[in-house]
Amino acid sequence: MNAAVADPLAAYRIEAEPFYRPAGNEVALYRQAYGHRMPLILKGPTGCGKTRFVKHMAWSLGRPLVTLACNEDMTASDLVGRYLLDADGTAWHDGPLTLAVRHGAICYLDEVVEARQDTTVVIHPLTDARRVLPLDKKGELVRAHPDFQLVVSYNPGYQSSAKDMKPSTRQRFAALEFDYPDSALEAEIVSHEAQVRLDLAARLVAIARCSRELKQRGLDEGVSTRMLIYAGVLIRDGVTPRESCEMTMTRALTDDPDMASALRGFVEAQFG
């Protein structure tokens, strides 16, 4: 038997434990929410570990994880599926959301507010007591598998009011709030992920801490943990700290000369 037929979620199963270090009680709270298959919003700044957290929880719960990166071109058909031509004619093909609902995966919609609101309304029947997904084009009502859970993420500080989550959608979810971890924990994460010394990671974290003080004072976002890992990888491979930070932080974050100068000052304070 074809492996995809035997296990339609085979490609979404996580075999190795993803590295994650809890910053609070988010692991215990997620487990409680999953116990009730409660829909969850993960709120927090870009690059703070929301996606890694979901992957870690899916692994620890032994559930497949179907992830979709939302964007403004995403349609409802991209989520639920569509009829397509194949060798045997026209056939229905489940979208990733339908696949998760039908077979019992955790479905993670990353940056959900980037999708059009007329697209995301399809999740409403899944986020209340009905737990169903109507496939209007197919004339089918899919009842959610007992193991299915819907998780979405977004960055509330970055979104404009035009892209904020509708109250009618927000009120269907419980929420976990994320932020960057404290300095010691963030340095541990950067050291592990970039495979650099802890003292070097700590100096990179110090730059990020200074940059985050400029949020809403010229920068939309400060340096994320993800950016620090990128910088660490380049330094590990022989790029100078200044050039690494210039590539992964300063040029990536801003085109404003004053903000760029401030970021370079933070780098100079750490690396001379």
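**Salt bridges, core and pocket**

At 56% relative accessibility, D237 clears the 50% cut-off and so counts as exposed. This comes from a predicted model. D237 pairs up with R236 in a salt bridge, with 3.2 Å between the closest N and O atoms. R236 comes in at 37% relative accessibility, so this residue is classed as partly exposed.

That pair is one of 19 salt bridges in the structure. Another brings together the side chains of R63 and D147, at 3.7 Å from N to O. R63 sits in the loop between α3 and β2, while D147 sits in the loop between β7 (140-143) and β8, so this bridge ties together parts that lie 84 residues apart in sequence. R63 has a relative accessibility of 15%, which is under the 20% cut-off, so R63 counts as buried. D147, at 21%, counts as partly exposed.

A further bridge joins the side chains of E140 and R102, here at 2.8 Å from N to O. Again, distant parts of the chain are linked: E140 belongs to strand β7 and R102 to helix α5, 38 residues apart. Both ends have a relative accessibility of 24%, and E140 and R102 are each partly exposed. These two residues don't act as an isolated couple, though: D94, R102, K138 and E140 are linked in a network of salt bridges.

Turning to the interior, nonpolar side chains in soluble globular proteins tend to be buried together. Here, the largest nonpolar core holds 32 residues, and the members that touch the most others are L97, L109, F148 and L150. Two or more residues apiece come from β2 (65-69), α4 (76-80), α5 (96-103), β5 (106-110), β6 (132-135) and β8 (149-154). Helix α5 gives the largest share, with four residues. As for F148, leaving aside residues up to four places away in sequence, its contacts are R37, L97, A100, V101, G104, A105, C107, L126 and R131.

Then there is the largest pocket, with a volume of about 600 Å³. Thirty residues line this pocket, and those closest to its centre are G47, C48, G49, K50 and R52. The elements that supply two or more lining residues are α2 (26-35), α3 (50-61), β5, β9 (174-177), α8 (183-194) and α10 (225-236). Strand β5 thus turns up in the lists for both the core and the pocket lining. By residue type, the lining splits into 13 nonpolar, seven polar and 10 charged residues.

Methods. Residues are numbered from 1 along each chain as its sequence is written. This is a predicted model: local features need pLDDT of at least 70, side-chain atom pairs count only at pLDDT 80 or more; totals for chains, interfaces and linings use all residues. Side-chain values use heavy atoms; hydrogens and water are left out. A nonpolar core is a set of buried Ala, Val, Leu, Ile, Met, Phe, Trp, Tyr and Cys residues joined through side-chain atoms within 4.5 Å. Buried means under 20% relative accessible area, exposed over 50%, partly exposed in between (1.4 Å probe, protein chains only). Contact means heavy atoms within 4.5 Å. On a 1 Å grid over the protein atoms alone, a cavity is a set of points where a 1.4 Å probe fits but cannot get out, and a pocket is an open set with protein on both sides within 12 Å along at least five of seven lines; lining residues have an atom within 4 Å of a point. Grid points are joined across faces, edges and corners, and a volume is the space filled by probe spheres set on the points. Ala, Val, Leu, Ile, Met, Phe, Trp, Tyr, Cys and Pro count as nonpolar, Asp, Glu, Lys and Arg as charged, and the others, Gly among them, as polar. A salt bridge is a side-chain nitrogen of Lys or Arg within 4 Å of a carboxyl oxygen of Asp or Glu.
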